[in-house]
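Hi everyone, thanks for making room for me today. I'd like to walk you through one structure, slowly and with plenty of pauses. Please bring it up on your screens.

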Amino acid sequence: MLGSGEVVGKLETSWDELLNHDEPFELSFPSICGDHPSLTLKATVVHPCDDQDAALSDVLVDSEIARDTDAGHAQFAEYMTSENVFHLNAAVEHFQLVLDQCPVSHPDRAAALTNFAYARLQGYIRNDLQDIDTTTSLFREALAWRPQPHPDHPLSLYNLIDALTWRHNKKSTAADICEAAQLYHDLLPLCPEGTYLRNVTARENGVDYVIRRCNNLPIDASDEDICLRRVVLELCPLGHQHRPNTLDKLAWALESRFAQCGDVDDLDEGIQFDREALSLCPEGHPGRECYLNNLGYSLNVRFNHQGKPNDLDEAIFLYEETLCLCPVGHESRDASLNNLGHALITRFKEHGDIDDITRAVSFYREALTLCRPGHPRRDITLSHLAVALNTRYDKLDVSEDLNEAINLYRESLQLKRLDNPEHHRILSNLSSALCSRFTQTRENGDVEEAINLCQEALVALSSLHPDRMFSYWWLQVAYRSRYRVLHDPADLELAVENFRLASGHLTRGFPERIKVAYHWVTAAEEHSHASGLQAYSTLFDLLDHHLATRSSTISRREAATAFRYTRTLPVDAASCAIRHDNLRQAVELVEQGRGQQWSLASRLKTPVEDLESANATLAHNYLELSKLISDAAQSSATITDRAAVDRAATEYRRLTRQWEAAVAEIRHLRAFSRFLLSPSYEDLQAAARQGPVIILIASEYSRSAIIVPTSGDPHHVPLPSVTFADLNNLKDRFARAIRHASTMGPQVPRNDLIVLLRTVWDEIMLPIVNVLQHGLKLKFHSRIWLCPTAAFTSIPLHAAHPFRTNADRSKEPCLEDLYICSYTPTLSALVRSRQTMKKRITPSFVTIGQGQPGTGKGKALLAVDSELELVHKLVPAMANCTTISGDAATRAGALQALQQNTWVHLACHGKQDPKQPYNSHFVMRGEHLTLLDIMERDIPHAEFAFLSACHTAVGDEETPDEVIHLAAGLQFSGFKSVVGTLWEVDNSVAQHVVKAFYENMFMDLKDGGVMDCTKAAWALNRATHAVKTKVPLEQRMVFIHIGV
């Protein structure tokens, strides 16, 4: 480098020391004011020789270049001290001459460019030169000549940054400050702390200036904008004063991109940055209210997209804290009132608490008093108050609220420019209010205006904008409103088309699209429209995708129960298909809608033996990703920190996307085109391979049964004499009769139960038996599987009995006299159990009993030990039976025994949790053995389990069609055949059933047979017949068989 015209430092080296070198050496300068100059000189001693001209021309710099360079530096030094522009012009002229003598191939061209540009830049800074563009180009060329690892590369980077920064300072060119940030990102790692350049970057016009100016740039949510803000964040390490604001700006950019494109990863990452920004601004920090508000806003947005209740509650908490920091007179109080009001409206729509909507209206009215005419936020506040009043009208039907809302919307529209990003929302909201008034007044002008407003909103929005969904929604509301008055079929078709568009709008969150699809279903049912089946199918697909975004079993159930109105949809969908004479689709829809949580969990356990044969690499990749997702799901269940939960959710989605890509690749194989898709009727019919499966449909629209035979089309069995109210009444009467029977002596007739079982026979099972006998020609004592839905799940269908005598004094046969009955939670569960029976191993049997679980865990079960002894005696020697009881019967001991054995008999207290079924458990010493514990184990070689415990095969109250109970959990974990219980078991008499069961189960083994879990249903049937005189009716009915 030829120098820059500044005094760098004084050498503290004598001439003698300088001349006492035979080889080239380096000269460096001492620190000045604590700064260490980056300049290091390479020097050599030149000795005269005979041919002096030739030697000097090889070593010394060309004298003319050196002369002009020195003259330029001298003039530039004069300019820097005198500020006389004459010296600047002279310096520039000399440096120009030097540059002219250093063509592209010259080794000193970069130095010449730097000297020339540096002098011009200082003149620009002092307003003595105006052309900054040429100067910037000169620095850019110099940098190009000094790529990394050139020793002057850092200095050239800094010079270009300096030029860009000054150009931005005077011209406010956004591209300049963006490039400066990127160059600082490249420069700072090359400048260790304490070096001259590092200290220079910390000056007033240095890196902090660039950070501040980048943070002040408008957010456009483009990939480039977000990339820039990530770069700026890297310029703000922990402890940097601008880190909170930079985090906030990056979060805002990510959330803005989410609003445009709908990628929830952007929203989650933004929330993580919001949380960090808030954590860096503790109580008392002057900007804390901004970070509180922004995190609250982001959480509110995510609630609208994903429906997580905790997000909404936390958002309201944060908004309330924000409002406390914005007292009367604070410049942001109106904005804080607006935001809190919005969140309260959202919660009111979820829970209907009048206090929430009352507070929201009150907050908006206060905000409006703070936003008098001319205030920049008056239009927003008018709109928000209108929304609150419109929402309250929908609940309380006060026409004054509606009329005021319409007037407020109109006033807000007058204040908003057409290019305002909120304009389309007010159009849609006004459309909503006009539709509401049209239903009251039948004024056609209102509905016509409503339609026009929605169409205008659609024109203003890009094709991917998430808010298009609302415009589609309000359009269908308008068309349906007009259809109800004018009955024009074209309006109904237009409404349905907008249902399709709204529910299929990919950039909107699943919860809102699920609500749209649900309203499409109800509209199709109300108007008997042909799109009903498509509406149901769309809704189930959306629910499935929504639940798949949740990483843990518990969170999936919470997500499912949030949509309470979907509880009856599986049976309603099947009823709809039946009314459309499409029995195959009825079977497919009821299967798709029921047991979704089992389906989502089981897809990670799908057997892949056939795939391994076809493509071992794909099979291995699929299994690896399935395990990673399963591990991520289990670990996420234990996380309590909210930021960590968000990070875990993002990682879970990343793995899920990889898993979905692997599944898509598998589906490209010809034989695997339907791999893990919702099963077709042909797939589901495999459940009926050993006997027909009877699906009992309990819908408000119809009650019926669908029989899936071993081959051919399904059979429909109407149940016309059973009303929806009858079924619910029958369910409640059974519960009372069972409770009453438990207080009676063993020999007292169970008359209430007899009446109820006769009703079940006459009105439900007899019509089905007639089809089995006369339609399917099913032989007596054949196996059948019952698959009840809704209210049918709480009725002991297997015990249906006429309790009548024929004319010849013979007793009329009951269901279990005619057939061997089993249950299955879903057809898919039965298919999976059969698929995993391909590999059989040497059986091992364990009995697990806990009769003395400890204080507060229920009464002692005195018969448990004797029951275990009895079973041990009946199990054949080939099974190598072991027993775990007493102190050894702990959660850990029981889990280990379940995993190490193929056959299990479990005797203890069983507790079904009706509110959170995954907490249902077997009572052990110490910790409980929960359903979730069992589900998380994969026991592919397990075969049979007998659950001699209470309530092991009864589902929960919230989602009965999910069939979430202990017996189903064991089947899911790998047990193909399970005996469970529907209610409380009396241990004093249960041993009679247990003894008779195992005697029948193992009766053929003396002749060299093998232990066969598929005999369990037959053995249970024989056992309940054998103990009729010893065991009361309700204790014989309590045991049911599930599985193969």
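I'll start with the whole chain and then visit a few places in it.

First, a word of caution: what you see is a predicted model. The chain has 1044 residues, and 54% of them count as buried. It holds 44 helices and 16 strands. About 46,200 Å² of the chain is exposed, with carbon and sulfur atoms supplying 52% of that area. Now take the contacts in the chain with a separation of 6 or more: 69% of them come from residues 24 or more positions apart.

Let's go to a helix. Helix H13 covers residues 264–279, which makes 16 residues. From first C-alpha to last, H13 reaches 23 Å, close to the 22 Å expected at 1.5 Å a residue. How many of the residues of H13 are buried? Twelve of the 16 are, so we can call H13 mostly covered. Among the buried ones are Val264, Leu267, Ile271 and Phe273, but also Asp265, Asp266, Asp268, Asp274 and Arg275. Here is something handy to remember when you look at any helix: an α-helix has 3.6 residues a turn, so residues three or four places apart point the same way.

Next, helix H18, residues 378–396. H18 has 19 residues and reaches 27 Å between its first and last C-alpha, close to the expected 27 Å. Of those 19 residues, 14 are buried, and H18 too is mostly covered.

What follows H18? That would be Asp397, with a positive phi near 60 degrees. Asp397 is not a glycine, and most residues other than glycine have a negative phi. Asp397 sits in the loop between H18 and H19. Is Asp397 buried or exposed? Its relative accessibility is 54%, and exposed means over 50%, so Asp397 counts as exposed.

Val398 lies in that loop between H18 and helix H19 (399–415) as well. Val398 has 31% relative accessibility, so it counts as partly exposed. Together with Ile354 and Leu396, Val398 forms a nonpolar patch on the surface, and the three have about 210 Å² of accessible area together.

Let me show you another positive phi. Asn127 is not a glycine either, and its phi is about 65 degrees. You'll find Asn127 in the loop between helix H5 (109–125) and H6. Asn127 counts as exposed because its relative accessibility is 52%.

On the other side of H6, look at the loop between helix H6 (132–144) and helix H7 (153–171), where Pro149 is placed. Which residue does a cis peptide bond join to Pro149? The partner is Gln148, and omega is about 15 degrees. For context, most peptide bonds are trans.

One more stop among the helices: His527, in helix H24 (residues 510–527). With a relative accessible area of 18%, His527 is buried, because the cut-off is under 20%. Setting aside neighbours within four places in sequence, His527 is in contact with Arg480, Tyr483 and Leu492.

Now for the strands. Strands of a sheet pair through backbone hydrogen bonds, either parallel or antiparallel. We can see both kinds here.

For parallel pairing, find strand E8, residues 845–849. E8 is joined to strand E10 (residues 903–907) by five bridges and to strand E9 (residues 882–885) by four, running parallel in each case. Put your cursor on Thr847: it stands opposite His905 in E10 and opposite Thr883 in E9. In a regular strand the side chains alternate between the two faces of the sheet. In E8, Phe845, Thr847 and Gly849 are on one side, Val846 and Ile848 are on the other, and all are buried.

For antiparallel pairing, try strand E15 (residues 977–981) and E16, which pair over five bridges. Ser977 has Gly1043 in E16 as its bridge partner. Strand E16, residues 1039–1043, has five of its five residues buried.

Finally, there is an open sheet of three strands in the order E11-E12-E13, with antiparallel pairing. Its edge strands are E11 (910–911) and E13 (929–930), each pairing on one side only. E12 (residues 921–922) is joined to E13 by two bridges, and Phe922 has Leu929 as its bridge partner.

That's my tour, so thanks for listening!

Terms used. Residues are numbered from 1 along each chain as its sequence is written. This is a predicted model: local features need pLDDT of at least 70, side-chain atom pairs count only at pLDDT 80 or more; totals for chains, interfaces and linings use all residues. Side-chain values use heavy atoms; hydrogens and water are left out. Patches are made of residues with over 30% relative accessible area and no salt bridge: like charges are joined within 9 Å, nonpolar side chains (Val, Leu, Ile, Met, Phe, Trp, Tyr) within 5 Å. Accessible areas come from the Shrake-Rupley method with a 1.4 Å probe; for residues, only the protein chains shown count as cover. A salt bridge is a side-chain nitrogen of Lys or Arg within 4 Å of a carboxyl oxygen of Asp or Glu. Buried means under 20% relative accessible area, exposed over 50%, partly exposed in between (1.4 Å probe, protein chains only). The expected span of a helix is 1.5 Å times one less than its number of residues. Contact means heavy atoms within 4.5 Å. Two strands pair if DSSP finds at least two bridges between them.
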